[in-house]
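Trainee: I have a structure to go through with you. Let me ask how the labels are earned.

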Amino acid sequence: MRYLHTMVRVHNLDATLDFYCNKLGLQEHHRMDNTAGRYTLVFLCAPEDAAQAQATHAPLLELTYNWDSEDYTGGRNFGHLAFAVDNIYTTCQTLLDAGVVINRPPRDGHMAFVRSPDGISIELLQAGGALAPQEPWLSMPNTGNW
């Protein structure tokens, strides 16, 4: 397993970038605008992590700016921790066998979500390309929030 990023939702992207980049000293690594989903993702890295971030896309801070206004209550502004795993199906089965609820199963062979005992959302991403979809994950429904 390898740590990838932490995601936080932000209300004002310009003010947030001013804080993290101009004041705190982080650097913008890359960004993605999703017109259909109406959001922008901006990934930042610490200056001393820039070479590693360029090579591995980690460790990063992901800022999620939803274009439509939303109040983030109950800690919803903090999104998730993300980890790359060697085999998403094996990882999810191991977690399931240990009593962990798979909130968002890896139906696509690429991404799953679980929650820590404290309710922190954990994103698991298949290292490399997505695996071929397979059962029981393919038909497993979402459970709870993620």
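Trainee: What makes the twelve residues of the largest nonpolar core a core?
Mentor: This is a predicted model. The twelve are Phe-83, Val-85, Ile-88, Tyr-89, Cys-92, Ile-102, Ala-112, Val-114, Ile-122, Leu-124, Trp-137 and Met-140. A core needs buried nonpolar residues joined through side-chain atoms within 4.5 Å, so this set earns the name.

Trainee: Which elements give two or more residues to this core?
Mentor: They are β5 (78-85), α3 (88-97), β7 (111-115) and β8 (121-126). The largest share, three residues, comes from α3.

Trainee: What does Ile-122 touch, not counting residues up to four places away in sequence?
Mentor: Leu-81, Phe-83, Ala-112, Phe-113, Val-114 and Ser-116. Apart from the largest core lies another, of nine residues. Val-10, Leu-13, Leu-17 and Leu-44 are among them.

Trainee: Why is Arg-38 called partly exposed?
Mentor: Its relative accessible area is 36%. Buried means under 20% and exposed means over 50%, so Arg-38 falls in between. Arg-38 sits in the loop between β2 (27-34) and β3 (39-45). Its phi is positive, about 60 degrees, although Arg-38 is not a glycine.

Trainee: And what makes His-57 partly exposed?
Mentor: The value is 45%, between the 20% and 50% cut-offs, so the label holds for His-57. His-57 also has a positive phi of about 60 degrees, and is not a glycine. Its place is the loop between α2 and β4.

Trainee: Which residues does a cis peptide bond join in the loop that holds Pro-59?
Mentor: Ala-58 and Pro-59, with omega about -5 degrees. The bond from Glu-135 to Pro-136 is cis too, with omega near 5 degrees. Pro-136 lies in the segment after β8.

Technical notes:
Residues numbered from 1 in each chain as written. Predicted model: local features only at pLDDT ≥ 70, side-chain atom pairs only at ≥ 80, totals over all residues. Heavy atoms only, no water. Buried < 20%, exposed > 50% of the residue type's maximum accessible area, 1.4 Å probe, protein only. Helix = DSSP H or I, 4+ residues; strand = E, 2+ residues; numbered from the N terminus. Contact = heavy atoms within 4.5 Å.
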